[in-house]
Each structure stands twice: as C-alpha cells, then as structure tokens.
Amino acid sequence: MIIAAEICKLPTTGVTTGVVIAGLLALVFGVAVLRWVRQSLNRLSVVIAPVLLLGGFTLVPQEDSCIEATPASTSTTAAVTTTVASTSTTIAVTTTPTTTTTVAPATTTTTTTTTTVAATTTTTAAVTGYNVGDTGPGGGKIFYKDLTRAAGSQYFEAACIGWSDGTCGGTDQVDPQAQWGCYEELLPGADGTAIGTGRQNTADILAGCAEAGIAAKLADVLVVGGKSDWFLPSQDELIQMDTQKATIGGFGTVNYWSSSERYATESWVQDFRNGPQYGADKYGSQFVRPIRSF
C-alpha cells in the first residue's frame, strides 16, 4: 500500500498512471523471475508463459484512482461534408462514316455492224459479133442467129466434133448413138417443137424418165469448151442444124434424135441424108448432137 501511496503522489507527467504501475510491477517481477530463471534454466518454458500473461494483464488500461473526476468533456465532432466533384466522363465516340459505293451493273454493249452488200445485177447484154458458121463460146459452130429473140436465146451453137469425151477433136469423130427412152410413156411438157423449146423439152424428159444413158441425159451432163448448159435440140432446131450441117460438120448419114415427143411410143427424128423428119420408136438407137443457146 505504501508503494501505491507513493505512486499516487507522483506528479502527473501526462503518462497514464496505470501504465507506470504496470511497468514497475513488471520490473519487480522481472527481477524476481530472472533470479528464479537462473536457478531453473531447465524450467524456462514453464516460466515464460505466466510472465507473458502477467505482462499482458498489466498493459491493459486501468482506471486511475488517483486522478480526480473531471467534468465530462464535450467532444464536438465537426460534420465534414465532403463534396466529391462529380466527374463526368465523356467518352468520345468516333463515328466512321460508312461509304456505300453502288457499282452500276456492267453493261456490255454489242455493236452490230450491218454490212449492206449492194446486190450485183448481172445484165446479159445482147451478144454481137457472131455469125452463122463462127466458132461459138463452147468451141462448136454457130448454126442459127436471131437478134430479135430474147437475150440468152439469140445464138444457137452445136457441140463440136468429138464432143462425147468432153473435148473437141480427138478420135471420137463420130457422134454417139442412144435411145430416146421411156417407150410407151407420154412425158408431160416434152412436146415443144419450135426454136427455143429444146432446153425445156430436155428438162421435162429428165424429170419424167429415169432411164440411164438416154439421148437427153448425154446432152445434159456434157461439159465441153468450159460450158455445161447443153441440151437436146427441138424438132425445129434440128431442122436448122440440118440446113447448116456442112458448116457444123461431123454428122452421120442417118437419123438424129430431137427432144420433141410425138407419141408415147415415138419421138421426132431428122434424117441428115436428104432432110425429111418423121417419128421413130423411142427404143431405137439414133445419133445425138447436143446444142446450147446464148
């Protein structure tokens, strides 16, 4: 108690009295414990725990009985108003303009070039300069001329001597023989007799008679002197040939076929011996001499 009294008389130094007392007690007990520890080093673990517990007790703040009660102090707590500046964060939005490119559909323009070719008109002018007995364009002799006729039928040319092999001259000096064909068949259209009807007669014969090697066929397929428009002469055309037989040359001394049909069984022939004409059976073989007109 004496220690306590003396302690209470200690001047106030601003240090808590309980703390001082606790410190002194700890010192006293520490000295005692030290002495005891030295004697009992082996018991160190047993002593440390109480000391630490005691020290912890002494450090707990105690009410100072030496200090007179003082009026309750008024603690004024200033209300601190903290104004937090509102930070407005503006996020810049970068707008990238979208460019929409409209590609016009590719248009392929095809330019059509129209080439107008002027029609070529071939005008067959009247051929002049040929006389009866002259050599014609096809290598034969001109045996008839009539400039009053339509162009294309003013001159009549007989095939040359040796015509049967496609050339003039040669060893085939005698005209070939053939049948008229289609015996007992009347061929429509093949009855023309006038000058200028031989071409059409030949066409009608070939249209109605399919027999091979007939007189009309020999004339139709002939190509000689660069010409291929030959035909079997009509009755009157054959008469003109007989009139000019010396000029034409190469005729046999018997009958030549015309393209003029007389009956279903006969066609007209020309006798080059003395000039008469008569009907001969179609199945008989007679001489053939093609002609052309221009």
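Seven salt bridges are counted in this predicted model. One of them joins the side chains of R292 and E157, with an N to O distance of 2.9 Å. R292 belongs to strand β8 (residues 291-293) and E157 to strand β2 (residues 155-158), so this pair ties together parts that lie 135 residues apart in sequence.

**Salt bridge between R292 and E157**
- Both partners are buried: R292 and likewise E157.
- The pair is also part of a network of salt bridges, in which E157, D229 and R292 are linked.

**Salt bridge between D175 and R289**
- D175 pairs with R289 in another salt bridge, where the closest N and O atoms are 3.0 Å apart.
- D175 is in the loop between β2 and β3 (177-179), while R289 is in the loop between β7 (285-287) and β8, so the pair ties together parts that are 114 residues apart in sequence.
- The relative accessibility of D175 is 5%, and D175 therefore counts as buried, the cut-off being under 20%.
- R289 is buried as well, because its relative accessible area is 2%.

**Salt bridge between R262 and E266**
- A salt bridge also forms between R262 and E266, and here the closest N and O atoms are 3.5 Å apart.
- R262 has a relative accessibility of 34% and so counts as partly exposed.
- E266, at 18% relative accessibility, counts as buried.

**Nonpolar cores**
- The largest nonpolar core has 15 residues, of which W180, L187, I205, W257 and V288 touch the most other members.
- A second core, separate from that one, contains 14 residues, including I195, L238, I248 and F287.

**Chain as a whole**
- Seven helices and eight strands make up the secondary-structure elements of the chain.
- The chain has 294 residues, and 30% of them are buried.
- Among contacts with a separation of 6 or more, 60% are between residues 24 or more positions apart.
- The exposed area of the chain is about 19100 Å², and carbon and sulfur atoms supply 58% of that area.

**Summary of the charged pairs**
- Side chains of opposite charge can pair when their charged atoms come close.
- The pair of R292 and E157 links strand β8 with strand β2, whereas the pair of D175 and R289 links two loops.
- In the pair of R262 and E266, R262 is partly exposed and E266 is buried.

Note on methods. Residues numbered from 1 in each chain as written. Predicted model: local features only at pLDDT ≥ 70, side-chain atom pairs only at ≥ 80, totals over all residues. Heavy atoms only, no water. Helix = DSSP H or I, 4+ residues; strand = E, 2+ residues; numbered from the N terminus. Buried < 20%, exposed > 50% of the residue type's maximum accessible area, 1.4 Å probe, protein only. Contact = heavy atoms within 4.5 Å. Areas by Shrake-Rupley, 256 points an atom, 1.4 Å probe, with all protein chains shown as cover. Core = buried A, V, L, I, M, F, W, Y, C linked by side-chain atoms within 4.5 Å. Salt bridge = Lys/Arg side-chain N within 4 Å of Asp/Glu carboxyl O.
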